[in-house]
Amino acid sequence: MKRILITGANSYIGTSFEKWVAQWPEDYQVETVGTRNGEWKELDFSPYDVVFHVAGIAHQDAKADQEELYYKVNRDLTIEVAKKAKSEGVKQFIFMSSMIVYGASSKIGETKVITRDTVPEPINFYGNSKLQAEQGILPLQSEGFNVVVIRPPMIYGKDSKGNYPLLAKFAKITPVFPDIENKRSMLHIDNLCEFIKIMIDNVELGLFFPQNKEYVKTSELVKTIGEVHGKKIWMTKLFNPVLRLMFGIELVNKIFGNLVYEKSISKCNYDYQLVGLKESIKSTEGKNCTDELMI
């Protein structure tokens, strides 16, 4: 039996993971503690094998006047919780960092492939706060205390937040969409949860880059979302010249730019990529995964 403490109440990832391992009640016991009111400080961590730290402020909520808060929550809190976990005998600490530590997507038409040797270059205080948290907890690694840092790409799934639901909403109403060649790394929530379970089962340590098996082309993603809802979306290159002129706009680069992990760095000794792209879109959109897609 693995006893797991999730620090960060009501988070999407934490809640999803708790539901995922509930499939094996004899193997995992999961509890959650809030971090906003210092509740975690009063809790004895010693009974737990793992602390899974998901508390933090997401980049979608970033505001210019909140920089100090980002460092306080994403960096300082992470380091404090890790130190407490180590001092109280927890065997493993897992931290959800982000692909955003490598900076922004490439411009349209350019390629950005991240390898294990790519040096992080955060472009905002969200990415920098995550990177500094990593730098604060990795030195805590020692015999008997394993530190895992996960840098996932865009995470999506049913009820997720971020760019995916915006694209999904658009896919339900638009008759046409720009057909631009690009590649994105993404990670479905089920694949992430299985990956975390593997990290716990094997008491892993180090830096990890999980992603789906397939890269995603934005236009194909939108097209598939439309098909799941029985809607035909026409792909057109008509808008491409205009979009290329808009490469300086961050949202345009996020949607149509390239940003991928080299596939080799995402492999591990166990199969965590359980859900394929099309199946994951169907489950995310709340459709019966036994239905056939209109392809």
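1. Let me start with one residue: tryptophan 234 counts as exposed because its relative accessibility is 55% (exposed means over 50% relative accessible area, buried under 20%, and partly exposed in between, with a 1.4 Å probe and protein chains only). Tryptophan 234 sits in strand E11, residues 234-236; strands (E, at least two residues) and helices (H or I, at least four) are DSSP runs numbered from the N terminus. Together with Val176, Leu238 and Phe239, Trp234 makes a nonpolar surface patch of about 440 Å². Patch residues have over 30% relative accessible area and no salt bridge, with nonpolar side chains (Val, Leu, Ile, Met, Phe, Trp, Tyr) joined within 5 Å and like charges within 9 Å. Areas come from the Shrake-Rupley method with a 1.4 Å probe, and for residues only the protein chains shown count as cover.

2. A word on what you are looking at: this is a predicted model, in which local features need pLDDT of at least 70 and side-chain atom pairs count only at pLDDT 80 or more, while totals for chains, interfaces and linings use all residues. Residues are numbered from 1 along each chain as its sequence is written, and side-chain values use heavy atoms, leaving out hydrogens and water.

3. Now the sheet. Six strands, paired in parallel, form an open sheet in the order E2-E1-E3-E4-E6-E10. At the edges are strand E2 (28-33) and strand E10 (206-208), each pairing on one side only. From one strand to the next, the twist averages 20°. Two strands pair if DSSP finds at least two bridges between them; E1 (residues 2-7) and E3 (residues 50-53) are joined by four. Within this pairing, isoleucine 6 has phenylalanine 52 of E3 as its bridge partner.

4. Two helices lie across these strands. Helix H2 (residues 67-87) crosses E1, E3 and E4 (92-96), at about 170° to E4. Helix H3 (residues 125-137) lies across E4, E6 (146-150) and E10, running at about 165° to E4. Angles run from 0 to 180 degrees between N-to-C directions, with axes fitted to C-alpha atoms, for helices over the stretch in contact.

5. Phenylalanine 95 is worth finding in strand E4. With 0% relative accessibility, phenylalanine 95 counts as buried. Leaving out residues up to four places away in sequence, phenylalanine 95 touches residues including Asn74, Thr78, Ala133, Ile137 and Val149 (contact means heavy atoms within 4.5 Å). Phenylalanine 95 and isoleucine 137 are 42 residues apart in sequence, with 8.9 Å between their C-alpha atoms.

6. Please look at the salt bridges too, of which the structure holds ten; each is a side-chain nitrogen of Lys or Arg within 4 Å of a carboxyl oxygen of Asp or Glu. One joins lysine 172 to glutamate 285 at 3.6 Å, N to O. This pair links distant parts of the chain, 113 residues apart. Lysine 172 is partly exposed at 43%, whereas glutamate 285 is buried at 12%.

7. Which residues do shared salt-bridge partners join into one network? They are Asp179, Glu181, Lys217 and Lys237. Aspartate 179 bridges to lysine 237, with closest N and O atoms 3.6 Å apart, and glutamate 181 to lysine 217, at 2.8 Å. Glutamate 181 lies in the loop between E8 and E9 and lysine 217 in the loop between E10 and helix H6 (218-228), so this pair ties together parts 36 residues apart in sequence. Glutamate 181 is exposed at 54%, but lysine 217 is buried at 17%.
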